[in-house]
Amino acid sequence: MTTARADGVAGGKVRGSRGRVTTVLGRHPVGLILAAPYAVYLAVIFAYPFGFAVWMSFHDYFFAAPGAVVDTPFAGLDNYRAVVSDPAVRKSFWNILVFLVINVPLTTALALVLANALNRAVRARMFLRIAFYVPYVTASVAVVGVWMFLFNSGGLVNKVLGPLAPDPSWLVNETLAMPLIAIFVTWKQLGFFILLYLAALQNVPKELYEAASVDGASAWQRFWSVTVPAVRPATALVVILALITGGNLFTEPYLLTGGGGPNGASASPVLVMYQRGLQQGEPDFAAALGVLLVIGVLILSYLSRRFIERD
Amino acid sequence: MKRFLPALLLPLALAAGCDGQSGGGDASKANAATGEITVWLSNNQEELAWGKAMVDKWNSAHADQKITAQEIPAGKTSEEVIGAAITAGNAPCLIFNTAPAAVPGFQKQGGLVALDDFDGATKYITDRTGATATQYKSPDGKFYQLPWKSNPVMIFYNKDVFAKAGLDPEKPALSTYDEFLTAARKIKSSGAAPAAIYPAPSSEFFQSWFDFYPLFAAETDGKQLVQDGKAQFNSPEGQKVASFWKTLYDEGLAPKEQYTGDSFADQKAAMAIVGPWAISVYGSKVKWGAVPVPTSTGKPADQIKTFSDAKNVAMYSACKNRATAWEVMKFATSQEQDGELLSKTGQMPLRANLQTTYPDYFTKNPAYTQFAAQAARTVEVPNVPNSVAIWQTFRDAYTQSVIFGKQPVNDALSGAGSKVNQLAGGS
C-alpha cells in the first residue's frame, strides 16, 4: 500500500513535470529545433525590421552614426499625419490603385486561362511553359531596358502604330504610364502565376469533367463550372500575391518611367518611401508610410480572400 | 508558437528602440591617433588611376600609416552607400567623392569630422581654395568637407551638327536665350539632330544641377538656390530661366522622354551641359566646342558663373586614426597631387590661381583652359539643412511646370519657394 502510494506519488510528479514540458515545448520538442532556424530567420529578417519600423514611425527618428548622441523623441501620430497630408503620398496611393485595378484581374484571368490551355496542350508544352516563365526569372533591369526601347516615342510599338501612336508617348503620358507599368508587371510575373495554377489543375479530378461532359456541358461551361471553382484556393493565393507585388512596386517606376514620372504619375508608395527615407533622410516618415502600406495590403488581402473563398 | 512569437517580438522591438543612440567616442584621442586608414575612391577609371598612384606614393613613405584604398561600393547612388555606411559604423576614414549636397545630411547623422579640429586646417583650406571655400562651410561655421575638385559645367556643342544646321561651328551665337533658341530651332528644323539639347527630364533631385541651376547661377551672378535661409529661385531671374527651358520643352527642342545612353555622344542631341570630365570621354567620338551657359542679356563670357559640380574629401567619424587621415587629406590635395589629378582626369582642383599654378598643363592642353577660367566662377549647392529634400521639392515643381506644363511656372516656383523656406529653416 505504502509502496503503491509512493509509486503513485513519484509517477504523478513525473507526469506533472512531463506535462509542463509538453505544455511549453509541445508533444514533439524536436519539432521546435527543426523549426528554429526558420523562426530565427523570420525574427531577424522580418519581425525585427518591422518592429523597428513601427517604433520609428512613432518617433522623430533619423539614421545616425553609432555613438552619435541623437535625440529621438516620441512623436505620437505626427509622422502619420505628415504622410496622410502629403499630396505626393496621396497621389502614389491613387497610382497604385490604378495599378492594382488593372494588374490583379489581368494577372488572375490570363494566368488561369493560359494555365488551362497549357495543361491541355500536348505539343510544345515544355517550350511554352519555359517561354512564359523566362520573363519572371530575368532581371527586371534588363527587361525594363527592352521595354524602354519598345515604348519610347521612336520605339517599335509607336512605329507599328504609326498615326495611332499616343501623343505624348507611352512613358511620358500621364494617363498611360501607370497602365503600361501594370501591363509590364502582369507580363513579367505571369509565368510564376501560371505555374501556381498548373499545380492546382493537377488536383482537379478528371471525373468532374467526365460527369460534366455526360451532362452535356460545353467546353466553356466545363471551364466555368468545374475548373474555376476547383482552383479557387489557388486563385485566392494568386490574388493575394499579386496584391503584395503591387504594394511593393518600385523597380518599374524607378527605371521605366525615370523616378515615378511623368510628373509623379507613376510614383508608387515604395518609391516615395525610398525618396523620403533614404534620399532625404526621413526614415520616420518613410516608416509611417510603410506601416500604412502594410495595413492597406493586409486589408485588401483579407477582403479578397474572404470574397474569393466564400462558398 | 502563437505565444512564442509575440514574446520574441517584444524584446526585439524594444531593442530596436534603444538601437545605437547612446555613447560617444573619444574624439580628441582619435584626432591625435596615427596608423592605418581606409579610403574610398570614385569608380571613374581616370580618378581611380590617380587615387591608386597617390596611395602608392603615400604608402611608400609611410610604412606605419598605410592606406588601404577601394572603390566606393556599388549602389543606386554613392550618397546612399555612404549614408548606410555611416549608420552601420563602417564608413572609411576618407571618401574622395563626397557630394556637397549630401554633407548636411551626413553631418546631421553625426558621420563627419569637423576639419577645423586639426591644427591649421581652416587656413590650409582657405589658402588652397581661396574665397570659393566659404561656400563649403556648414551653417555652424565649420568645414566638414575639404573642397577638392570641380567640373564647372558649360554648353558642349557638336561642331558637325552645327555646320549641318547652317550654324557657325567655330563661334556659334549662343550667349542669349534668344540666340540659343534660334540655334535650337535651326538644329531641329534642319534635321541635323533629333534634339537641340537633351537634359535628363526625370525627377531625381540632382537633375536640376544640369539644366536649371547653371543658368540660374549665370543669370543671378552667382546666387545659390537658397541663401540666408530663403529660396532664391522664385524671383524674376529664376522665372526667366525656367521660362527659357519651358520654351525648349514646349517646342520639342528638348525631349520630355528619358534617354538611356549619352544623347550627346550618340549624336541624338546637338548640345549638352557638362563639365571638363567629358573631354576625355567624348574624345574623338564627337567634334566638340564649348561655350558658357547663356544668359537673358548675353553677359560677357568672363563674367558668367556656373554650377561647380564639385566633389570633395570628407573625414568620417568612424575613423580611428584621424591624425593620419588629416595628413593624407593634405597630401592628396597638395600642389603636386592636384597637378597629377588635373593631368590624369582633366578635372579642376578647387585651388585658387589654377592656370598660373599649372601653366605647362594648360599650354599643352588648351581645350581645358576655358574650364580652368570658368572654375574660378562657380556656384555650389547651398550647404543648408534638408538639402536633398530642398532639391527634390524644387525638382518636383520644375518637372510639373517647366517640363510637363501642368502648372504655370510662376505658381510652381512660388509654391516650391514657400516649402523650401520651411525646409531651409530646419522644419
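**Exercise 1.** How many residues of chain A are in contact with how many residues of chain B, and which elements of chain A give two or more residues to the side that touches chain B?

*Solution.* The structure is a predicted model, and in it 36 residues of chain A are in contact with 38 residues of chain B. On the chain A side, the elements that give two or more residues are α2 (29-57), α6 (140-151) and α13 (269-279) of chain A. Of these, α2(A) provides the largest share, namely 7 residues. Turning to composition, the residues on this side of chain A divide into 20 nonpolar and 16 polar, with no charged residues.

**Exercise 2.** Establish the strand order of the open sheet of 4 strands in chain B, and then the pairing around strand β9(B).

*Solution.* The order is β6-β9-β5-β10 in chain B, with mixed pairing; β6 and β10 (288-291) of chain B are the edge strands, since each pairs on one side only. Neighbouring strands of this sheet are turned by 25° against each other on average, direction ignored.

Next, take the two partners of β9(B) in turn. Strand β5 (residues 154-158) of chain B pairs with β9(B) in the antiparallel sense over 4 bridges, where B:M154 stands opposite B:V274 and B:I155 has B:I273 as its bridge partner. Strand β6 (residues 195-197) of chain B, by contrast, runs parallel to β9(B) and is joined to it by 2 bridges, with B:I197 opposite B:M271.

**Exercise 3.** Why is strand β9 (residues 269-274) of chain B described as largely enclosed by the rest of the structure?

*Solution.* The description follows from a count of burial: because 6 of the 6 residues of β9(B) are buried, the strand is largely enclosed by the rest of the structure.

Technical notes. Residues numbered from 1 in each chain as written. Chains lettered and ligands numbered in written order. Predicted model: local features only at pLDDT ≥ 70, side-chain atom pairs only at ≥ 80, totals over all residues. Buried ≥ 20, exposed ≤ 12 C-beta atoms within 10 Å, placed from the backbone. Pairing = 2+ DSSP bridges. Contact = placed C-beta atoms within 7 Å. Nonpolar A, V, L, I, M, F, W, Y, C, P; charged D, E, K, R; others polar. Axes fitted to C-alpha atoms, helices over the stretch in contact; angles between N-to-C directions.
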